[in-house]
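Me: I would like a close look at a single part of this model. Please take one strand and work outwards from there.

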Amino acid sequence: SKAILLDEGKPQFSGLDEERDNPAFVLHVMDDDGENIEQITFNQSHDLDPLVTDSGTIVFSRWDNAGQTRNNGVNLYRVNPDGTGLSYLYGRHSHDSVYDSSDVQYLNPRTTDTGALLVQLRPFESADYASVPAEVSVDQYVEADLRVDGSAGSGQRTLVEGAGFDGEPSLQGSYSSMSPLLDGTGRYLVSWTPCRLQNIASEQIVNCTEERLNSEDFQPASPVYGLWLLDVASGTQRPVVQPIEGQQFDEAVLLKPRPLETFLPE
């Protein structure tokens, strides 16, 4: 950003967030050889997780914090590859859309077989990496309970009910990331940990039971995320990479041939 500002004859400054101790991530495009880097979004807070959709537009997670005194949160936005057409998409007033939580942020949007967007709902800070995977219908809704035309509805669907989240263990275990297979089956490659507790007195790590979850003798143990193949329709999942104590397997990437997205010229 300093080089661009200097070329434009403007004062140089570092792109830092509001706390002025971290660089603010924003979106850029470039040639396939890394040349001709061009900044396409401008935000004092972070712009994250860009997804090029089939229509050619870019959906991303924007931290709406600059100059605001309320509704601080990470929401979904859309922009063209040349930086034009920036518009709000979803989530500004839906940060309480997960039961018993008022601090979920809309992160890591991904394409799904159904045409809805898969998002990971997380708090701003987390010690257990857990998220709530959900599908949002951004074509018809602007909020979890509000359609584009202003009428009420339900534009958000949690893929796995009752999973552990925000430090609260669950018999369902916890999900860290999800990646759709995009093969028409509705399956996902997921990073998942079983529910684990630690006996406070003996420090022994054990599996969760209802009795242990309700006991004051146990506390949540460190997660062990492995990779699993989740079939949402049947509610089953199979191991792909078994978890290993002290290691976390997260955000696996699926490689497969597929059509290129629509090209949007400048």
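Which residues point one way from E9, and which the other way?

Reply: This is a predicted model, and what follows should be read as such. From E9, Val-132, Ala-134 and Val-136 point one way. Pro-133 and Glu-135 point the other way. The residues on both sides are all buried, Glu-135 included. Strand E9 covers residues 132-136, and five of its five residues are buried, which makes the strand mostly covered. Buried here stands for a relative accessible area under 20%.

The sheet comes next. E9 belongs to an open sheet of four strands, in the order E7-E8-E9-E12, with antiparallel pairing. Strands of a sheet pair through backbone hydrogen bonds, in either a parallel or an antiparallel way. At the edges stand strand E7 (105-111) and strand E12 (156-158); each has a single partner strand, so one side of each is left without a neighbour in the sheet. Averaged over the sheet and with direction ignored, neighbouring strands are turned by 30 degrees against each other.

In that order, E9 sits between E8 and E12. On one side, strand E8 (residues 117-122) is joined to E9 by five bridges, and the two run antiparallel. One position to look at is Leu-117, which stands opposite Val-136 in E9. On the other side, E9 and E12 are joined by three bridges, again in an antiparallel run. There Ala-134 is found opposite Thr-158 in E12. Val-136 and Ala-134, the E9 residues named in these two contacts, point one way from the strand together with Val-132.

Edge strand E7 leads on to a cavity. E7 spans 105-111, and Arg-110 is among the residues that line the largest cavity. The other lining residues are Ser-177, Met-178, Ser-179, Leu-189, Glu-251 and Ala-252. Strand E13 (residues 174-180) gives the largest share of this lining, with three residues. By class, the lining has three nonpolar, two polar and two charged residues. The cavity holds about 30 Å³ of space, and the count of cavities of 30 Å³ or more comes to one.

Leu-189 of that lining falls within strand E14 (187-193), and the loop between E14 and strand E15 (196-199) holds Cys-195. Cys-195 forms a disulfide with Cys-208, the sulfur atoms being 1.9 Å apart. The structure holds one disulfide. Cys-208 lies in the loop between strand E16 (205-207) and helix H2 (210-213), so the pair ties together parts that are 13 residues apart in sequence. The link is left-handed, with -70 degrees about the S-S bond. Both cysteines, Cys-195 and Cys-208, are buried.

Pro-239, in strand E19 (residues 236-241), is partly exposed, with a relative accessible area of 44%. The proline in E9, Pro-133, is buried. From Pro-239 to Leu-213 the separation is 26 residues in sequence and 25 Å in space, C-alpha to C-alpha.

Methods. Residues are numbered from 1 along each chain as its sequence is written. This is a predicted model: local features need pLDDT of at least 70, side-chain atom pairs count only at pLDDT 80 or more; totals for chains, interfaces and linings use all residues. Side-chain values use heavy atoms; hydrogens and water are left out. A disulfide is a pair of cysteine sulfur atoms within 2.5 Å. Buried means under 20% relative accessible area, exposed over 50%, partly exposed in between (1.4 Å probe, protein chains only). Two strands pair if DSSP finds at least two bridges between them. Axes are lines fitted to C-alpha atoms, for helices over the stretch in contact, and angles run from 0 to 180 degrees between N-to-C directions. On a 1 Å grid over the protein atoms alone, a cavity is a set of points where a 1.4 Å probe fits but cannot get out, and a pocket is an open set with protein on both sides within 12 Å along at least five of seven lines; lining residues have an atom within 4 Å of a point. Grid points are joined across faces, edges and corners, and a volume is the space filled by probe spheres set on the points. Ala, Val, Leu, Ile, Met, Phe, Trp, Tyr, Cys and Pro count as nonpolar, Asp, Glu, Lys and Arg as charged, and the others, Gly among them, as polar.
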